[in-house]
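Here are my notes on how the two chains meet, with a word on the cysteines at the end. Have the structure open while you read.

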Amino acid sequence: MTQETRDTTLQTLFANAEQDLVEETFTSQVMSQTDTLKRNKLIGRIGLGLMLALLALPLQDMALVLMQIPLIDLGDGWLTQILAPLNSVGSLLSLGLIGMRMVFRRIFA
Amino acid sequence: MLPAPNHYHQGPEALVVGLARTGDRDAFAELVRRRQSWIRNLMRRCCSDTALADDLAQQVFLQAWRKISQLRQPDRFGAWLKRLAISTWLQYLRKNDALRDAEEHHEAHLAQQDKTSMGMDLDQALATLSNTVRLCIVLSYHEGLIHAEIAELTKLPLGTVKSHIRRGTQRLQQLLSAYQGTPPAEESL
């Protein structure tokens with residue numbers, strides 16, 4: 001086991017420099033920012049909901065079209081039936097989006 | 001039965017954290033009240049600028065409010081908050097030109113009136129260190145973390161942390177040699 005020694009003078013200086021900071025307006029400022037955050041989040045969700053409601057039908061149509069375009073033509077055999085959920089432009093796009101989300105989370109989380 | 005909001009200050013922290021996780025604003029405000037001095041002091045040691053330190057401390061608590069539902073162990077709130085504080089500081093460093101900021105902070109902290117002379121001298125000495133060296137020193141001396149913990153928090157290699165602390169300590173010893181033999185504080189946070 002290694003012993004990590006610290007300079008005692010510096011330790012004392014750090015301890016002495018520590019101030020008991022009175023909160024005054026700090027807490028109320030933080031809480032008012034949490035209110036703003038909550039309001040913005042609500043506005044964002046309502047906006048997203050409205051957008052999805054407006055674009056629901058066109059998006060559904062587009063998804064149906066993309067799901068019907070095969071990536072590779074496998075003919076009419078049983079393989080086509082088995083790979084149907086994956087063998088489409090739509091599934092490629094979905095997998096791409098899931099992959100991007102995973103990369104984004106790994107980098108920025 | 002849950003405690004009334006005006007009694008939160010008497011409750012154990014884990015309980016208050018548990019209530020804050022459910023979205024209770026009063027409980028979260030109580031956590032901010034309890035921890036604000038510690039986080040603000042930590043940010044002050046990191047950036048040597050009281051106004052910036054308070055802004056960053058507010059960002060830390062906002063992050064905490066956003067993510068508190070993800071906190072699995074309420075009794076680990078302090079360690080979790082410290083991690084958020086360090087990540088907020090590292091993000092700030094990444095977003096800003098470190099050299100320009102160091103210069104601005106140096107000017108800013110000279111004008112601060114609400115610090116003790118010792119605190120000012122310490123912050124002036126810390127401001128002469130590079131950002132990563134300063135962070136390692138602050139985490140070691142202010143937070144009392146061991147080298148391995150600092151390496152884990154800052155994502156720096158252990159050897160780098162050790163050399164940063166060694167060099168930083170030597171530099172501070174030179175700059176603060178006038179304080180040799182300073183008696184310890186009677187009460188610290």
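1. Salt bridges first: there is one between chain B and chain A. Keep in mind that this is a predicted model. The pair is Arg25(B) and Asp35(A), whose closest N and O atoms sit 2.9 Å apart.

2. Polar contacts between chain B and chain A come to 16 residue pairs, counting those with both residues at pLDDT 80 or more. On the chain B side, α2 (25-47), α3 (50-67), α6 (117-127), α7 (131-142), α8 (147-154) and α9 (158-175) each bring at least two residues to the surface that touches chain A. The largest share, 11 residues, is from α2(B). By type, that side of chain B splits into 23 nonpolar, 16 polar and nine charged residues.

3. How many residues are in contact? For chain B the figure is 48, against 27 of chain A. About 3,600 Å² is buried between the two chains, and carbon and sulfur atoms give 62% of that. Within chain B, Arg25(B), Gln58(B) and Tyr141(B) lose the most area to chain A, together 20% of what that side buries.

4. Now the cysteines. Over all chains the disulfide count is zero. Cys47(B) is in none, and its nearest cysteine sulfur, in Cys46(B), is 7.1 Å away. Cys47(B) is also buried, at a relative accessible area of 1%.

5. Why is Cys136(B) unpaired? The closest cysteine sulfur, again in Cys46(B), is 10 Å from its own, so the distance is too far for a bond; the cut-off is 2.5 Å. Cys136(B) is buried too, with a relative accessible area of 0%.

Conventions:
Residues numbered from 1 in each chain as written. Chains lettered and ligands numbered in written order. Predicted model: local features only at pLDDT ≥ 70, side-chain atom pairs only at ≥ 80, totals over all residues. Heavy atoms only, no water. Buried < 20%, exposed > 50% of the residue type's maximum accessible area, 1.4 Å probe, protein only. Contact = heavy atoms within 4.5 Å. Buried area = accessible area lost by both parts, 1.4 Å probe. Salt bridge = Lys/Arg side-chain N within 4 Å of Asp/Glu carboxyl O. Polar contact = N/O pair within 3.5 Å; in protein donor to acceptor, adjacent residues only side chain to side chain. Helix = DSSP H or I, 4+ residues; strand = E, 2+ residues; numbered from the N terminus. Nonpolar A, V, L, I, M, F, W, Y, C, P; charged D, E, K, R; others polar.
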